[in-house]
Structures are given as C-alpha cells and as structure tokens.
Amino acid sequence: MTPAATAPSAAPLLDVRGLGMRFSVKGGPFDRLLGRPRREVAAVDGVDLSVAAGETLGLIGESGCGKSTLARAILRLHEPTVGKVTFDGTDVTALGRDELTALRRRMQIVFQDPYASLNPRKSVEQIIALPLRVHGLAKGRAARDRVVETMEAVGLRSAWLSRYPHQFSGGQRQRIGIARALVLNPDFVVCDEPVSALDVSVQAQIIDLLAKLKRELGLTYLFISHDLAVIGHVSDRLAVMYLGSVVETGPTRAVLARPRHPYTQALLSAVPRVEGGGAARIRLAGDLPSPLDPPSGCRFHTRCPLAMPRCKTERPVLRPLGDGTSAACHLTETA
Amino acid sequence: MIETAPETLLSIKELRTCFPTRAGLVTAVDGVSLDVRAGECLGVVGESGSGKSVTFSSVIGLVRRPGYIAGGSVTFRGRELTALSPAELRAVRGREIAMTMQDALTALNPALTIEEQIVEVLLAHAVDLPRAGRKAEARRRAVDMLRLVGIASPETRIGDYPHQFSGGMRQRIMIAIALACRPMLLIADEPTTALDVTIQAQVLELIADLRRQLGMSVVLITHDLGVVAEYADRLAVMYAGQVVETGPTRAVLDSPRHPYTRGLLGSIPRLSDLDAPIRPIEGQAPELVSAGEGCRFASRCPMAVGACYARIDLVDVGPGRAARCIRALETAA
Amino acid sequence: MSAIPASPALRAAGPASPGRLGLQTFLANRMSLASAVIVLLILAAAVAAPLVAPHDPNETDLLRRLQPPAWLEGGEWSYLFGCDALGRDILSRIVFGARVSIFIGVAVVALATAIGIALGLAAGYLRGWTDIAISRVVDVLLGFPYLIFAIALMAMMGPGLQNIVLALVYKEWVIPCRVVRGETLAMRQTEFVEAARAVGATRGRIMFGEILPNILSPVIVVATIRMAHVIILEASLSFLGLGVQPPTASWGSMVADGRAFILDAWWVSTFPGLAILVLVLAINVASQGLRDAFDPKIND
Ligand SMILES: Nc1ncnc2c1ncn2[C@@H]1O[C@H](COP(=O)(O)OP(=O)(O)OP(=O)(O)O)[C@@H](O)[C@H]1O
Ligand SMILES: Nc1ncnc2c1ncn2[C@@H]1O[C@H](COP(=O)(O)OP(=O)(O)OP(=O)(O)O)[C@@H](O)[C@H]1O
Ligand SMILES: [Mg+2]
Ligand SMILES: [Mg+2]
C-alpha cells in the first residue's frame with residue numbers, strides 16, 4: 001500500500017473539463033401558484049479533473065455536494081449539461097449509443113447504496129453475470145466459473161450463488177456490487193463510497209483487494225469516500241468538493257498534511273478519532289447553503305470562519321500553490 | 001433527566017432469530033443479551049453480517065419473513081415485546097421506539113414526496129399536535145426537522161421525491177422521520193455512513209442534544225469506531241450472531257479483551273499515520289448455518305487453543321465488562 | 001440448532017425468493033384459497049366438459065321444454081337444473097358455456113396484458129415522444145364507455161368468438177398499460193436500473209430483464225381482477241346478441257334466452273346468472289388474496 005509508487009504517466013486516462021450538471025426541481029405549491037419558474041439545482045458546476053492511468057484520485061466533500069452526480073456524469077449515466085469528458089483519448093460526451101456500450105466494458109462503477117443497486121428479483125449469480133452476458137463474453141459454465149472466481153476475490157462464498165440480495169447484510173451486498181464492477185476486468189472504476197457500509201475489518205480487506213487489483217491489473221480509480229483515513233490510504237491525489245465545485249486538489253499527503261482551503265481544514269478537524277481527543281473541532285457556523293440558490297462570491301463564505309468582505313462578491317478560482325496543490329481561496333493569494 | 005440509578009429501558013435476553021434457507025437454518029442472532037439503560041447511548045459494532053441489524057429488527061418486530069424469533073425475550077419498560085400483537089407493536093414502533101433503517105432509499109417510498117412521508121408519521125404518532133390545524137402544524141414540524149438535520153431550503157425541497165436527494169440527504173431524511181415523534185428509544189442503524197464528517201458531527205450532535213433534553217436512549221449501530229468512541233457510553237461488539245464483548249466504551253477500546261475486538265482496532269486506517277499498514281483480520285466469518293458450540297472466532301484467532309472449540313460463555317472481565325473468550329483474563333495485562 | 005420453527009410450512013420453504021414468500025401468504029388466506037379452488041374447479045369442468053356434462057348441450061327435446069329443476073315438481077334428477085325453451089339441459093349448457101367465458105376471459109386478458117406490458121414499459125422507460133404518443137392513445141381510449149365501444153366494434157366486425165376477443169382487447173390493454181407505465185416510472189430511477197445501464201445493457205434488456213420481473217406482481221393482480229370484468233363484458237355482449245352465436249352455449253346468451261320466461265320458468269335465466277356471479281366473485285376474492293400476498297406496500 002504505497003500509493004506514491006505509481007508515477008502518473010503523461011497523458012491522463014480520464015480528463016474532465018468544465019463539467020456541469022443541472023437538475024430542475026419543481027418548487028413548492030406556492031411557487032407554482034405564484035407562477036415562479038422551475039428552479040434548477042446546479043449539482044455539479046464547472047469541474048476540471050484528470051486522472052492518470054494507474055492512479056487513484058480520491059474525491060471527498062460535503063454530503064450532497066455533487067460527488068455521485070459528477071461520477072454519473074463522467075460515465076454518462078446522466079447526460080452532463082455542459083463540459084467534456086475524455087477517456088483514453090475518446091470524447092465520451094460525443095459517443096453514440098453503441099460506442100458507449102463498448103466503452104462501458106472499460107469503465108465501471110460501484111454504487112453508493114448497496115440496497116438500491118441490486119435488483120431484488122435476481123440471484124447473486126444473475127447479478128454478477130449480467131455484465132458478461134451483456135457483452136457476450138461468457139456463457140454457461142465459463143460464465144459461472146468467472147462469477148465464482150470474482151466472488152471469491154471479494155470475499156463472498158461461492159455457495160451463495162443462488163441467494164437473493166435481501167438475504168445478505170449490508171456489507172455482503174456491497175461486495176456483490178464490487179464483484180459486478182470487477183467481473184469485466186475494467187480499466188477504470190468509479191468507487192462511490194464502496195466501503196462505507198463495511199465493518200473495518202472487511203473494509204480493510206476490500207481496500208487491500210482494490211490495491212492488489214491496482215497493482216496487478218493497473219486499474220485506475222476514482223474513489224469517493226467520506227472517510228478521510230481511508231482516502232488517505234488509498235489515493236494518490238485528492239480533490240475536495242464543496243457545493244458542486246472543486247475547492248482544493250493536490251497530492252494526498254500534501255493536502256492532508258497542510259490543508260489550504262478552510263473547508264478542508266474544517267473537514268480534517270471533524271474526523272472522530274478512536275484515540276479520543278484529537279485536534280479542536282472547527283465548527284462550521286450557519287446553515288448549509290442550498291444549491292438552489294448558491295451564495296454569491298465564494299460559495300463557502302457563509303460558513304467560513306475566515307471569511308473577508310471580498311469573499312462575498314468575488315468568486316475565487318483554483319490556483320496552483322506550488323507543491324502540486326491548488327486551492328480556490330482568496331486567502332491563499334496573500335499567504 | 002439525570003437519574004442516580006438509571007433504570008433499564010430495554011432488555012434483550014438470549015434472543016435467537018433464525019432464517020430458513022435452502023442451505024439450512026441460518027441462526028443470524030444466537031443468544032444475544034443486551035441492556036439499554038434510560039438516557040444512555042449504547043454503541044453496537046461488529047463484523048458485517050454479524051446480526052446487528054437483525055437483532056434490533058427483532059426488537060421492534062420487523063424481522064423479514066421467512067425469518068422468525070426462535071427464542072428469548074425482549075422487554076421494553078417492563079413490557080414483553082415479543083408477545084405483542086402486530087397492531088400493538090406498530091403503536092410502540094412509531095411512538096416509543098424509532099428505528100432508522102440501514103437501507104435509507106428502500107425505506108423511503110419512492111412514489112411519495114418527503115412531505116407526505118413525514119407528515120403521515122407525525123399525524124399517526126405525534127400526540128401533542130393541536131386539534132385545529134393539525135396538518136399545517138405537522139408540516140411546520142416536518143420542515144423544522146429537515147432543517148435540523150441539515151437539509152438546505154427545506155421548505156422547497158420537502159416537496160421532492162426521494163430519488164432527487166443524494167445518498168447522504170436521504171439518510172438524514174430518515175433520521176428526521178425517526179426523530180419527528182420524539183421517541184424514548186432511538187435505534188440508529190448506521191445513521192451516518194453516507195455523511196461527510198462535518199455533517200456527521202452535526203447529526204450526531206443533534207441526537208446527543210435530544211438525548212440530553214428528552215432523556216432519550218440511543219442504540220448506535222455503526223462501523224465507525226471513532227464515532228463510537230466519541231458518542232457511546234457503552235459498547236457491544238458482535239461477531240457471527242453473538243455478543244463477544246461488552247463494557248464501557250473507553251475501557252473496551254483502550255484494553256480490548258476479545259481477540260476480535262483487538263483485530264477490529266488493528267484494521268482501522270489511521271489518519272495520523274498514513275504509512276502504518278492496515279492489518280485486516282485474516283479469513284472470513286464462519287457460515288452461520290454450521291456454526292457450532294465453540295468460539296466462532298477460533299479459526300481466525302491468533303491465540304486459539306484446543307479448549308476454544310468447546311462451549312464458551314460470556315465471562316466477567318472487569319467492572320461492567322464481559323467477553324466471550326477463555327483467554328480474556330490472560331490478555332488483561 | 002435446536003430451534004423450533006414457528007410453523008413447519010416455513011421450515012420446508014426452501015430459498016426465500018420474493019415470489020415464494022408471497023405464495024406462503026396467499027396459502028395462509030383461507031377465503032382466497034377457497035375461491036382459487038372454486039375457480040380451478042370451474043376451469044377443470046370447462047376443460048373436461050364432454051366428460052362432466054350429463055347431456056349434449058345442443059340436444060333439443062321438446063318434451064322437456066322448460067322442465068323445472070330436479071327438486072321441484074316435474075323435475076328429474078338427471079336434469080339437475082331443468083331445461084330451457086328448447087328442452088336442452090341447463091347444467092350441460094352451463095358447463096359448456098364456461099368454456100366460452102373462460103376462453104374469452106383468458107384470451108382477452110392475456111393479449112391485453114402482453115400489449116399493455118410492452119407499451120407500458122416503452123412509455124415509462126423510454127419517455128419522450130414514445131410516452132406522449134402512447135399516453136395520448138390511452139387517454140382517448142379511456143374516454144369511451146367500454147361497453148358502448150365494444151358494441152360499436154362488434155356491430156362493425158360482426159359476431160364470432162374471435163371478434164369478441166378483438167373487440168375487447170382493443171380497449172382492455174389500456175389498463176395493464178397504465179399500471180405498467182406507472183410502475184416503470186418508479187423503477188427507472190432506481191440504482192439497480194442505473195447499474196444495468198452502467199454495464200452497458202441494452203434498453204430492451206433493461207426493460208424486460210431488469211424492470212419487468214419487479215413489476216410483475218401488480219400486473220398479475222390487475223390481470224386477475226380484469227378477468228372478472230371481461231367475463232361480465234362478454235356475457236353482456238352475448239346477452240345483447242352480439243356475442244357468441246347460437247347454438248353455442250354462452251352464459252350471457254343463456255340469461256338472455258330466459259328473459260321471456262322469467263316469471264314462469266325462472267331457472268332458465270337464474271342458473272347461468274348464478275354461474276357468472278360465482279365465477280366472477282371467486283376470481284375477485286382470489287385476486288384480492290393475491291394482491292395482499294404480493295403487494296409489498298401492504299406487507300408489513
Ligand atoms: N435526479 C435528481 N433530481 C434533482 N436533484 C438531484 C437529482 N439527483 C441529485 N440531485 C441533487 O444534486 C445534489 C448533489 O447530489 P449527489 O448525489 O451528487 O451528492 P453527493 O455528493 O454524492 O452526496 P452524498 O455524499 O450524500 O452521496 C443534491 O443537492 C441533490 O439533491
Ligand atoms: N432473509 C434472510 N435470509 C437468510 N439469511 C439472512 C436473511 N437476512 C439476513 N440474513 C443473514 O443474517 C446475518 C445477519 O445480518 P444483519 O443484516 O443483521 O448483519 P449486520 O450485522 O447488520 O451487517 P452489516 O453491518 O453488514 O449491515 C447475515 O449473515 C445475513 O446473511
Ligand atoms: Mg453520493
Ligand atoms: Mg446491518
């Protein structure tokens with residue numbers, strides 16, 4: 001588990017430019033009575049990211065800040081509103097349906113919710129074999145062997161082949177989801193909180209497994225998690241999101257050792273520690289801002305303990321700070 | 001609501017819950033005994049699939065068929081819950097005990113707006129709503145609850161459907177529904193797995209506030225030992241359908257007596273030391289169909305001896321502490 | 001493992017697939033079980049009509065014209081329910097008439113459900129123009145009163161078994177279609193559907209392979225309820241003389257035949273009428289049981 005070992009190669013495997021995703025939500029009954037227009041949630045707002053082959057990019061951020069939406073837009077499970085996604089030289093956003101299907105063999109996702117993401121009417125075998133059947137890769141015995149092999153790799157018993165999802169605990173279901181993503185031997189896997197439903201010992205096993213696959217197969221991950229310690233262990237680089245945009249990125253260790261953005265600082269201080277105590281928690285004041293009408297200027301200024309008058313009016317952009325990190329905060333200019 | 005001798009609110013005795021499957025009878029919960037005292041927060045941690053969720057679903061009478069409670073008793077404020085009729089149980093469930101389910105999305109009805117779902121619960125269970133304008137008051141309270149759990153612009157978003165919220169938001173909505181009726185006992189099944197640490201802190205602080213104000217008791221089922229360390233007064237560690245260790249949280253975390261607890265603590269990735277390897281416990285939890293009399297952790301235990309394969313009970317290992325390990329006292333040092 | 005299962009039936013249950021659970025609930029409901037048995041008995045009688053019926057349903061015997069049922073004066077035990085105006089055995093005609101009712105009920109509902117599933121899935125999953133087009137047709141068809149619509153069609157196409165089926169299917173598919181569309185709309189948002197898209201599954205596979213198995217229970221429940229309606233509709237059409245043509249026995253035309261003698265020979269209309277009542281009621285009660293057993297929203 002030494003992430004630094006894999007040096008990122010020149011051309012990134014995945015490159016995301018100016019990606020934006022809006023959902024329209026209908027307002028309350030009053031809004032409709034008053035004839036107010038439909039409102040829009042800017043769930044993802046102008047995100048730039050790149051992930052080199054063999055690299056793990058960790059993505060953290062407030063709940064509801066758009067991490068899952070970003071992941072879905074990258075895989076085109078949602079059609080992004082604006083922006084461009086390039087995967088291994090192909091413009092994913094411009095692909096037709098058949099080309100996209102072919103590409104899906106190489107890009108997979110482990111979903112956040114282990115309950116909703118498994119079809120309740122399908123047995124474990126059917127669920128894990130689906131990608132094989134869709135791409136016509138294996139049938140009958142061969143398919144079953146591959147399914148069993150994958151199940152064993154993620155720590156599921158092959159005796160459970162014919163069980164249904166509701167017969168498993170949350171953590172066991174999550175492993176079914178991981179097996180489904182890995183059965184095709186993809187190049188790039190989005191892991192949307194793949195271990196948050198697991199107990200720490202199974203979590204450690206899965207992290208080990210993902211790291212092993214990365215070493216052996218050269219897998220590339222976009223790894224979303226709330227657990228900073230997990231992210232710290234698995235990712236080479238880190239991106240921190242707040243309200244739809246990336247506010248800080250950089251090599252994991254650099255960011256964790258010296259967070260520049262006040263939001264990242266608050267996150268780090270809020271991690272509960274087994275040893276007890278820990279650093280004094282930075283309490284974020286104020287209500288969560290709504291993506292329905294995001295604050296002016298810096299989106300974090302309503303809750304930022306260090307906000308200045310300028311933050312209300314002027315939106316900071318991501319600027320490089322040397323040592324490979326960048327942050328979107330006015331304070332970093334003066335420092 | 002600080003009492004000198006806290007009474008026992010919920011008492012689980014030798015609970016057994018089974019699921020018939022093709023491979024045989026799965027005893028998902030096998031002789032679990034736990035107490036929850038008034039006003040306390042009991043943390044429950046353990047292997048994934050060790051029966052944490054099933055134990056507490058059994059408590060509130062929501063074991064999924066074809067599962068059934070095969071033995072044991074559950075008393076809540078002196079009442080035997082396993083003997084209640086479904087209607088009586090429903091009344092207890094909404095008003096006195098609330099449970100937030102681990103599967104937040106599936107527990108919310110996809111066809112109804114959040115408003116309809118919270119208001120329905122409030123109208124059914126909240127006793128203190130004024131007679132006039134019940135609906136409006138229930139709605140107001142629902143909006144308040146959503147704001148408390150950190151949903152931005154709750155007045156607008158209350159009209160949305162579950163799929164329009166992020167995973168973490170759905171989880172908070174579940175908590176809002178559970179807390180809306182001010183239960184005496186909250187069973188929170190992994191309430192914060194999908195939340196980032198700042199909101200996790202906010203939600204847990206909210207629960208802690210309600211504990212203080214209303215004397216509510218909490219059962220906190222979680223995988224996050226850090227959360228347990230911070231919020232739980234006592235801790236129960238489960239493994240393969242059994243409680244393997246209980247005791248005051250700090251004591252258990254500082255000097256675990258069961259090798260499984262020790263293994264768990266060793267598997268935590270620590271932010272303070274990113275180079276420290278994570279050490280998963282080798283092997284897998286046993287198949288519950290064939291679990292025998294002996295220690296269920298023995299096959300993975302670094303200190304197993306022959307005697308471990310005979311029947312093992314919980315033994316006292318200190319003030320208020322117990323562990324299901326014959327070598328627990330040796331490791332006390 | 002010394003557990004004593006709550007009931008032996010549960011223990012033998014084997015794998016707990018969702019369908020299996022529903023079946024257990026259904027079997028535990030005595031009323032619906034009894035109704036299902038009645039439906040099956042009628043079905044068996046219809047299939048084995050030549051063996052079950054005591055007489056040839058079309059054999060006329062003017063000496064037995066309007067002969068009363070066996071237990072009344074002038075009745076005979078070999079003509080249990082008496083005879084009609086042409087001296088045909090009413091019981092035998094009811095047994096053969098069941099074939100018509102059940103055939104039309106099954107054929108119409110099966111066809112309508114197949115069409116409804118296909119169009120409902122397409123409308124609910126593909127959305128867009130497909131949905132608008134299908135939903136418009138559904139709205140328009142719903143605007144017509146059912147019986148009048150069927151009468152008009154029958155008048156155009158002429159009578160006959162095949163035409164009755166067609167005339168009823170023309171409108172009947174709308175009902176499963178609406179149910180399927182609604183359920184599909186809820187399903188298309190779920191993560192497991194998204195997961196299937198993420199692995200590259202085609203739209204057809206997602207609709208029929210992933211979504212359909214999850215919405216089958218409500219569709220089956222609706223189909224059984226509709227079966228009872230269709231049987232009544234067929235009887236109505238036959239009653240009006242637009243249905244199955246004489247001499248083929250059909251419950252609706254039998255009731256119609258007896259109208260003229262309702263005061264002197266009540267049995268001619270009453271027994272086929274009772275047959276309709278019993279079959280429709282049994283189907284309804286059985287389907288209620290099915291709904292309770294398979295609708296997850298009712299299961300606690
Ligand atoms: N289908 C939808 N319709 C309307 N709004 C949506 C939809 N899906 C997501 N959103 C909104 O977009 C925002 C971002 O959601 P997203 O699921 O990406 O968050 P997230 O960062 O993954 O959060 P979490 O950590 O809680 O999973 C939220 O405000 C959510 O309500
Ligand atoms: N319907 C069922 N049929 C068969 N086995 C079941 C069923 N439901 C649960 N189980 C089994 O019961 C055991 C306990 O499940 P439970 O959901 O309580 O685990 P848990 O401790 O909550 O795990 P997690 O932390 O992963 O949520 C698991 O091994 C599971 O496979
Ligand atoms: Mg998410
Ligand atoms: Mg659980």
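A donor, for the purposes of the metal site described here, is an N, O or S atom within 2.8 Å of the metal, and because water is not among the atoms, a site may look incomplete. The model is predicted. With that in mind, the magnesium ion, ligand 3, has as its protein donors OG of A:S68 and OE1 of A:Q112, at 1.9 to 2.2 Å from the ion. A:S68 belongs to helix 2 (residues 67-74) of chain A, while A:Q112 sits in the loop between strand 6 (107-110) and helix 4 (124-134) of chain A, so the pair ties together parts that are 44 residues apart in sequence. A:S68 counts as buried because its relative accessible area is 15%, with the cut-off for that class set at under 20%. A:Q112 is likewise in the buried class, at a relative accessibility of 11%.

A:S68 also leads to the next site. Ligand 1 has 24 residues around it, and those that come nearest are A:G64, A:K67, A:S68, A:T69 and B:G168. The surrounding residues come from chains A and B, so the site is shared between chains. Three elements each give at least two residues to the shell around ligand 1: strand 1 (12-25) and helix 2 of chain A, and helix 7 (167-180) of chain B. Helix 2 of chain A is the helix that holds the magnesium donor A:S68.

Several polar contacts can be followed from the oxygen atoms of ligand 1. An N or O atom in the backbone of A:G66 is 2.9 Å from an oxygen atom of the ligand. From chain A there is also A:H226, with a side-chain N or O atom 3.1 Å from an oxygen atom of ligand 1. Chain B takes part through B:R157, where an N or O atom of the side chain lies 2.9 Å from a ligand 1 oxygen atom. Of the 640 Å² of accessible area that ligand 1 has on its own, the protein covers 93%. By residue class, the shell around ligand 1 holds eight nonpolar, 12 polar and four charged residues.

Ligand 2 also lies between chains A and B. Its surroundings comprise 23 residues, the closest being A:G171, B:S48, B:G49, B:S53 and B:Q102. At least two shell residues each come from helix 6 (170-182) of chain A and from strand 1 (8-21) and helix 1 (52-59) of chain B.

The polar contacts of ligand 2 include several with chain B. The side chain of B:S53 places an N or O atom 2.6 Å from an oxygen atom of ligand 2. A polar backbone atom of B:V54 is 2.8 Å from a ligand 2 oxygen atom, and a backbone N or O atom of B:S50 is 3.2 Å from an oxygen atom of ligand 2. The protein covers 95% of the 640 Å² of accessible area that ligand 2 has on its own. The shell around ligand 2 is made up of five nonpolar, 14 polar and four charged residues.

Helix 6 of chain A, which contributes to the ligand 2 shell, also contains A:L182. A:L182 counts as buried because its relative accessibility is 9%. Its C-alpha atom is 9.3 Å from that of A:V154, 28 residues apart from A:L182 along the chain. The loop between helix 5 (140-153) and helix 6 of chain A holds A:R163. A:R163 is also classed as buried, with a relative accessible area of 14%. A polar atom of the A:R163 side chain lies 3.2 Å from the backbone oxygen of A:Q167.

Two residues are worth noting for their backbone angles. A:E193, which is not glycine, has a positive phi near 50 degrees. A:E193 is in the loop between strand 7 (188-192) and helix 7 (200-217) of chain A, and is buried at 2% relative accessibility. In chain B, phi of B:R182 is also positive and near 50 degrees, again in a residue other than glycine. B:R182 is in the loop between helix 7 and strand 7 (185-189) of chain B. B:R182 is partly exposed, at a relative accessible area of 42%.

Confidence varies along chain B. The mean pLDDT of chain B is 85, and 95% of its residues reach 70 or more. Within chain B, the highest confidence is in strand 8 (residues 217-221), at a mean of 95, and the lowest is in helix 3 (residues 104-107), at 66. Where pLDDT is low, the predicted coordinates should not be read in detail.

Conventions:
Residues are numbered from 1 along each chain as its sequence is written. Chains are lettered from A and ligands numbered from 1 in the order in which they are written. This is a predicted model: local features need pLDDT of at least 70, side-chain atom pairs count only at pLDDT 80 or more; totals for chains, interfaces and linings use all residues. Side-chain values use heavy atoms; hydrogens and water are left out. A residue is near a molecule or strand if one of its heavy atoms lies within 4 Å of it. A polar contact is a pair of N or O atoms within 3.5 Å; within protein, one must be able to donate a hydrogen and the other to accept it, and residues adjacent in sequence count only if both atoms are side-chain atoms. Accessible areas come from the Shrake-Rupley method with a 1.4 Å probe; for residues, only the protein chains shown count as cover. Helices (H or I, at least four residues) and strands (E, at least two) are DSSP runs, numbered from the N terminus. Ala, Val, Leu, Ile, Met, Phe, Trp, Tyr, Cys and Pro count as nonpolar, Asp, Glu, Lys and Arg as charged, and the others, Gly among them, as polar. pLDDT is the predictor's confidence in each residue, from 0 to 100. Donors are N, O and S atoms within 2.8 Å of the metal (3.2 Å for Na, K and Ca); water is not among the atoms, so sites may look incomplete. Buried means under 20% relative accessible area, exposed over 50%, partly exposed in between (1.4 Å probe, protein chains only).
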